[in-house]
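Visitor: I am new to this structure and should be grateful for a close look at one part of it. Please begin with a single residue and then work outward to its surroundings.

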Amino acid sequence: MKQIVDDNSMLGMDGHVLIRDIDTGEVLLNKHNAINFYNMSIALSSLLAKKEDDALGAFNIATLELGNGGTTIDGSGNVFYKTPNVATTNSTLYAQTYSKNVVPAVADVQNKIDVTTHAGQVYSDTVVTATLLYAEPAAQGAIDNDNGAGSYVFDEMALQTASGKCLTHLIFHPIEKSANRQLEIIYTIRITAGA
């Protein structure tokens with residue numbers, strides 16, 4: 001007797017980013033992001049097979065990329081948001097300006113990747129925590145009141161693999177990083193398998 005197995009299940013992903021000022025607790029961003037499903041499907045399959053991307057490296061998340069090309073602001077102060085760049089395997093930030101290593105060689109509670117499972121549920125979370133301390137990035141402005149004219153005003157970010165592939169892309173209202181503030185970025189990817 002021939003047994004037919006039909007175990008088609010949907011794999012879903014949802015990304016969410018929370019940015020807060022560490023000193024004041026102020027939430028600066030609380031938003032969902034776009035997933036690059038091309039790169040994510042390759043990364044998941046490659047991770048399951050323990051394969052790497054030729055000479056480029058592994059498909060695990062390695063960095064949080066930050067940039068300033070996600071928005072334009074007109075003379076009246078109106079902000080216009082670009083579409084997240086997730087359409088191809090070569091998608092990148094519009095204008096990457098800073099890269100934060102989230103897999104440091106030495107254990108670091110402020111920059112790390114954790115997996116959170118939920119008992120009895122068909123979803124798990126990959127939680128990336130990145131902290132920008134007072135002194136980083138180098139050459140930033142002293143205070144955050146430059147009205148968007150500082151050296152590091154971020155309006156886009158992405159999680160990137162060790163092989164240089166962007167897995168996500170988020171466009172948001174510009175946030176200035178300056179030497180008078182520390183920012184904590186918590187980037188969660190929820191992966192759901194099945195119904």
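**From one serine to the sheet**

Guide: The side chain of Ser91 comes within 3.3 Å of the backbone nitrogen of Ala87, and that side chain also reaches the backbone oxygen of Thr88, at 2.9 Å. These are polar contacts, meaning pairs of N or O atoms within 3.5 Å; within protein, one atom must be able to donate a hydrogen and the other to accept it, and residues adjacent in sequence count only if both atoms are side-chain atoms. The model is predicted: local features need pLDDT of at least 70 and side-chain atom pairs count only at pLDDT 80 or more, while totals for chains, interfaces and linings use all residues. Residues are numbered from 1 along each chain as its sequence is written, and side-chain values use heavy atoms, with hydrogens and water left out.

Ser91 belongs to the loop between β5 (79-81) and β6 (96-101). Strands (E, at least two residues) and helices (H or I, at least four) are DSSP runs numbered from the N terminus. Ser91 counts as buried because its relative accessibility is 4%; buried means under 20% relative accessible area, exposed over 50%, and partly exposed in between, with a 1.4 Å probe and protein chains only. Beyond its neighbours within four places in sequence, Ser91 is in contact with Asn36, Asn85, Val86 and Cys166, where contact means heavy atoms within 4.5 Å.

Cys166 leads on to Asn39, which touches Thr88, Thr89, Lys165, Cys166 and Leu167, residues up to four places away in sequence not being counted. Asn39 is part of helix α1 and is buried, with a relative accessible area of 2%. Its side chain reaches the backbone oxygen of Thr89 at 3.2 Å.

Helix α1 (residues 37-49) in turn lies across β1 (11-21), β2 (27-35) and β11, running at about 105° to β1. Such angles run from 0 to 180 degrees between N-to-C directions, and the axes are lines fitted to C-alpha atoms, for helices over the stretch in contact.

The strands beneath this account form an open sheet of nine, in the order β6-β3-β9-β10-β2-β1-β11-β8-β7, with antiparallel pairing. Two strands pair if DSSP finds at least two bridges between them. β6 and β7 stand at the edges with a single partner strand each, so one side of each has no neighbour in the sheet. On average, neighbouring strands of this sheet are turned by 20° against each other, direction ignored.

Towards the β7 edge, β8 (residues 123-132) has eight of its ten residues buried. Six bridges join β8 to β7 (residues 112-117) in antiparallel fashion, and Thr116 stands opposite Asp125 in β8. Ten antiparallel bridges pair β8 with β11 (residues 183-193); among them, Ala130 is partnered by Ile185 and Thr126 by Ile189.

Ile185 also brings us to the largest nonpolar core, of 28 residues, in which Val17, Ile19, Leu64, Met157, Ile185 and Tyr187 touch the most other members. A nonpolar core is a set of buried Ala, Val, Leu, Ile, Met, Phe, Trp, Tyr and Cys residues joined through side-chain atoms within 4.5 Å. β11 gives the most to this core, with four residues. Outside its sequence neighbours within four places, Ile185 has contacts that include Val17, Leu64, Val128 and Met157.
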